[in-house]
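Here is a short briefing to read alongside the sequence and the model. Have both open as you go through the points.

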Amino acid sequence: NLKVNASVYYFKTNNEIILNRTIKKWENMASRDGYGTELEVNFNHKRVLLESALSYYQTRGIDEGIGAPIYPKLNYTFGTMLGFKKWDVFARATFRLMNERENKDTRDNIPDTFDFYINIRYKLDENIHLTVSARNIFDAVIRDATPSDFAIHDDIPRETRTIWLEISGRF
């Protein structure tokens with residue numbers, strides 16, 4: 001009863017829409033590309049999943065001061081899941097690196113950040129599951145960059161440490 005799935009992928013998007021503040025219009029002027037791997041092993045009701053993804057974001061015209069990165073330039077995610085008959089445990093770590101600002105923005109760059117997420121699910125029976133999840137376990141200060149002429153001068157904060165409990169049922 002051994003089943004193994006492995007995959008490697010690459011993606012590229014062009015013409016992501018961002019605000020060109022020079023002409024005050026939305027334009028297709030950003031691109032993103034990345035790659036990742038996934039390995040899944042199933043054996044007698046036990047499941048192991050390892051995944052890794054890296055993406056890179058670039059705004060065309062950034063040197064002329066047009067637009068600000070909406071995403072970090074470099075985003076790396078690593079996740080793993082262990083699944084058993086009654087339990088599933090999923091953990092994911094995300095690193096956001098190279099948070100640069102447009103040239104005319106004199107504010108400090110946003111520091112690199114690390115976010116850790118964990119999800120533990122217990123199957124009470126076939127239809128009822130109990131899940132405990134926690135995001136940003138280490139309570140890192142994570143902010144998304146805003147353009148220099150954005151209505152909010154400071155960067156937008158992401159959620160701090162968050163823990164929640166969920167009971168779900170199927171019928």
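To how many salt bridges does the count come? The count comes to four, where a salt bridge is a side-chain nitrogen of Lys or Arg within 4 Å of a carboxyl oxygen of Asp or Glu. Please keep in mind that this is a predicted model, in which local features need pLDDT of at least 70, side-chain atom pairs count only at pLDDT 80 or more, and totals for chains, interfaces and linings use all residues. Residues are numbered from 1 along each chain as its sequence is written, and side-chain values use heavy atoms, with hydrogens and water left out.

**Salt bridges**

- Side chains of opposite charge can pair when their charged atoms come close.
- Glu40 and Arg47 form one salt bridge, with 2.8 Å between the closest N and O atoms.
- Glu40 counts as buried because its relative accessibility is 17%, while Arg47, at 26%, counts as partly exposed; buried means under 20% relative accessible area, exposed over 50%, and partly exposed in between (1.4 Å probe, protein chains only).
- Lys123 and Asp88 meet through their side chains in another salt bridge, at 3.5 Å from N to O.
- That pair links distant parts of the chain, 35 residues apart: Lys123 lies in strand 6 (residues 113-123) and Asp88 in strand 5 (residues 87-97). Helices (H or I, at least four residues) and strands (E, at least two) are DSSP runs, numbered from the N terminus.
- Lys123 and Asp88 are both buried.
- Arg135 pairs with Asp115 in a salt bridge whose closest N and O atoms are 3.0 Å apart.
- Here too the pair links distant parts of the chain, with Arg135 in strand 7 and Asp115 in strand 6, 20 residues apart.
- Arg135 and Asp115 are buried.
- Through shared salt-bridge partners, Asp88, Arg121 and Lys123 join into one network.

**Aromatic rings**

- The structure holds seven aromatic pairs; rings of Phe, Tyr and Trp (its six-membered ring) pair if their centres lie within 6.5 Å, and planes under 30 degrees apart count as stacked, over 60 as edge-to-face and the rest as tilted.
- Trp87 and Tyr122 make a tilted pair, because their ring planes are at 55°, with the centres 4.7 Å apart.
- This pair links strand 5, which holds Trp87, to strand 6, which holds Tyr122, across 35 residues.
- Trp87 is partly exposed at 43% relative accessibility, as is Tyr122 at 26%.
- Phe95 and Phe114 are also tilted, since their planes are at 35°, and their ring centres lie 4.9 Å apart.
- Tyr76, Phe95, Phe114, Phe116 and Phe138 form one aromatic cluster.
- The charged end of Arg92 sits over the ring of Tyr117, 4.9 Å from its centre; this asks for NZ of Lys or CZ of Arg within 6 Å of the ring centre and within 35 degrees of the ring normal.

**Asn136 and its loop**

- Asn136 is in the loop between strand 7 and strand 8 (143-144).
- Its phi is near 55°, a positive value in a residue other than glycine.
- Asn136 is buried, with a relative accessible area of 1%.
- Beyond four places in sequence, Asn136 touches Asp115, Phe116, Ile142, Glu159, Thr160 and Arg161, where contact means heavy atoms within 4.5 Å.

**Strands 7 and 10**

- Strand 7 (residues 128-135) pairs with strand 10 in the antiparallel sense over eight bridges; two strands pair if DSSP finds at least two bridges between them.
- Gly169 in strand 10 is the bridge partner of Ile128.
- Strand 10 (residues 162-169) is hardly covered, with zero buried residues among its eight.
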